[in-house]
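Trainee: Could you take me through one helix in this model, close up, and then show me what surrounds it and what lies elsewhere in the chain?

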Amino acid sequence: MLPGVYTAKKKDGTIYYRSSITFSGKHISLGSFSSEETASEAYHQAYTLLHDPSLTLEMYSETSGVLSFQKWVVLINFRDNGIYIKTPIYLKNRFFYYYFEKDDFLTFDIDDLFYYSSRSITRRGGHLFVADYGMQVNILSRYGIKNYAVVGRDFRFVNGDSRDFRYENIEIINRFHGVSKKEKNGRIYYETKIHVNGDFLVGRYKKETEAAVAYNKAASVLITKGYEKNFPVNYIEELSPAEYHELYKKITISKRLQNLTPLP
C-alpha cells in the first residue's frame with residue numbers, strides 16, 4: 001500500500017480506500033476514495049499543508065487537489081494554532097472564522113468555540129442551523145433571538161456585517177413577539193400588534209414588558225372568540241408569577257379587539 005493508505009470494505013464486499021495522516025500525535029482521517037492513487041494524493045497534500053507554513057487558505061482553488069476546502073481549514077488551523085478541530089474553524093486571537101467556502105464564512109466570539117467545534121452549521125431557507133441533541137436549532141437562538149425575528153426590525157448587526165455573530169455585534173431591538181420599539185419626539189414607547197386578518201393594533205405602552213403582556217392578553221381574548229389558536233406566547237423571565245398575574249389584570253388592550261364578534 002502507498003503511504004497513508006489502507007483498504008476497507010463496504011457491506012456488499014466492494015473494496016475502497018481510506019487515507020489518514022498523523023501529525024503532532026494526532027491521527028487525522030482524510031476521507032474515503034475510489035482508488036489507491038487518489039487516497040495517496042490526499043495523504044501527500046495533507047502532509048504538505050501540515051509542514052509548509054507558506055500555504056494559506058487563500059491559496060485554495062478547485063484545482064488544489066483532492067482535499068476539500070473544509071479539510072484545508074482543519075489542517076491549516078491545526079498547523080498554525082496547534083489545536084485540532086474537526087469542523088472548518090480557523091482560530092484568531094479572540095474570535096474565529098467558521099468556513100463554508102474560501103470567501104464564505106461566519107465570525108464568532110472565542111467563547112463559542114466549544115459549541116461550534118462539535119457541531120456543523122447548515123443552511124436552509126436563508127437560516128443557519130446546528131443539530132443539537134437531535135433537534136435542528138437556529139443559531140440565532142443563542143443570542144435570545146426568536147425564530148420569527150426580522151433583521152433590522154427585531155435585531156441588527158451593529159457593524160452592518162450579517163456574517164459577524166460576535167456578541168458585541170448583535171443588538172436585540174425587540175425581544176417579544178408582536179412588540180416593536182418606537183420613538184417619537186425623543187420619547188421611547190412600545191407598540192403591540194397582533195395578526196388578525198392583518199396586523200391589529202393592541203396598544204402602546206411605556207414599558208417593553210407591558211407590551212409583551214398585552215400581546216398575551218390579546219391572544220387569550222382572540223382564542224376565546226374562536227380566532228387562530230397558535231399565537232406565540234411571550235415569556236417574561238424578569239417577572240415573577242405574581243407580578244405577571246398582577247400586570248395581566250391591570251394592562252389595557254384595544255376595546256375594538258375586545259369587541260370583535262366571536263367566530264361561529
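Mentor: Let's start with helix H2, residues 69-81: its 13 residues reach 18 Å from the first C-alpha to the last, close to the 18 Å expected at 1.5 Å a residue. Keep in mind that this is a predicted model. Ten of the 13 residues of H2 are buried, so the helix is largely enclosed by the rest of the structure. The buried ones are Phe-69, Lys-71, Trp-72, Val-73, Val-74, Leu-75, Ile-76, Asn-77, Phe-78 and Arg-79. So what covers them? The cover includes helix H1 (36-51) along with four strands: E2 (15-23), E3 (26-33), E4 (89-91) and E5 (95-101). After the helix comes Gly-82, with a positive phi near 70°.

Now look at the packing around H2. The largest nonpolar core has 28 residues, and those with the most contacts inside it are Leu-57, Leu-67, Trp-72, Leu-75 and Tyr-99. E2, E3, H1, H2 and E5 are the elements that give two or more residues to this core. In general, nonpolar side chains in soluble globular proteins tend to be buried together.

Leu-57 is a good way into that core. You'll find Leu-57 in the loop between H1 and H2, and at 7% relative accessibility it counts as buried. Leaving aside neighbours within four places in sequence, Leu-57 is in contact with Phe-69, Trp-72, Val-73 and Ile-76, and also with Tyr-90, Tyr-99 and Lys-102. Phe-69, Trp-72, Val-73 and Ile-76 are among the buried residues of H2, so on the screen you can go straight from the loop residue to the helix.

Strand E5, part of the cover of H2, also takes us to the rings. The structure holds 19 aromatic pairs. One of them joins Phe-95 and Tyr-97 edge-to-face, with 5.4 Å centre to centre and 75° between the planes. Tyr-143 and Phe-165 make another: their ring centres are 6.1 Å apart and their planes at 40°, so this pair is tilted. This second pair links distant parts of the chain, 22 residues apart, with Tyr-143 in the loop between E9 and strand E10 (155-157) and Phe-165 in the loop between E10 and strand E11 (170-172). Both Tyr-143 and Phe-165 are buried. They also belong to one aromatic cluster, together with Phe-96, Phe-108, Tyr-115, Tyr-116, Phe-155, Phe-157 and Tyr-167.

How far is Tyr-143 from Leu-57? Their C-alpha atoms are separated by 29 Å, and the two residues are 86 apart along the chain.

While you have the rings on display, add two arginines. Arg-123 lies over the face of Phe-100, 4.0 Å from the ring centre, and the charged end of Arg-124 sits over the ring of Phe-129, 4.2 Å from its centre. Phe-129 leads on to Asn-138, which touches it as well as His-127, Leu-128 and Asn-147, not counting residues up to four places away in sequence. Asn-138 lies in strand E9 (residues 135-138). With a relative accessible area of 8%, Asn-138 is buried, and its side chain reaches the backbone nitrogen of Leu-140 at 3.0 Å.

For something to set beside H2, go to helix H4, residues 208-224. H4 has 17 residues and reaches 25 Å from its first C-alpha to its last, close to the 24 Å expected at 1.5 Å a residue. H4 is largely enclosed by the rest of the structure too, because 13 of its 17 residues are buried. Just after H4, Gly-226 takes a positive phi of about 90°; recall that H2 is followed by Gly-82, whose phi is positive as well.

Which residues have a positive phi without being glycine? Two to look at are Ser-24, at about 50°, and Asn-185, at about 55°. Most residues other than glycine have a negative phi. Ser-24 sits in the loop between E2 and E3 and is exposed, with a relative accessible area of 63%. Asn-185 is in the loop between strand E12 (179-184) and strand E13 (187-195), and is exposed too, at 81%. Ser-24 brings you back to where we began, since E2 and E3 are both part of what covers the buried residues of H2.

Terms used: Residues numbered from 1 in each chain as written. Predicted model: local features only at pLDDT ≥ 70, side-chain atom pairs only at ≥ 80, totals over all residues. Heavy atoms only, no water. Expected span 1.5 Å × (residues − 1). Buried < 20%, exposed > 50% of the residue type's maximum accessible area, 1.4 Å probe, protein only. Contact = heavy atoms within 4.5 Å. Polar contact = N/O pair within 3.5 Å; in protein donor to acceptor, adjacent residues only side chain to side chain. Phe/Tyr/Trp six-rings, centres within 6.5 Å; stacked < 30°, edge-to-face > 60°. Lys NZ or Arg CZ within 6 Å of the ring centre and 35° of its normal. Core = buried A, V, L, I, M, F, W, Y, C linked by side-chain atoms within 4.5 Å.
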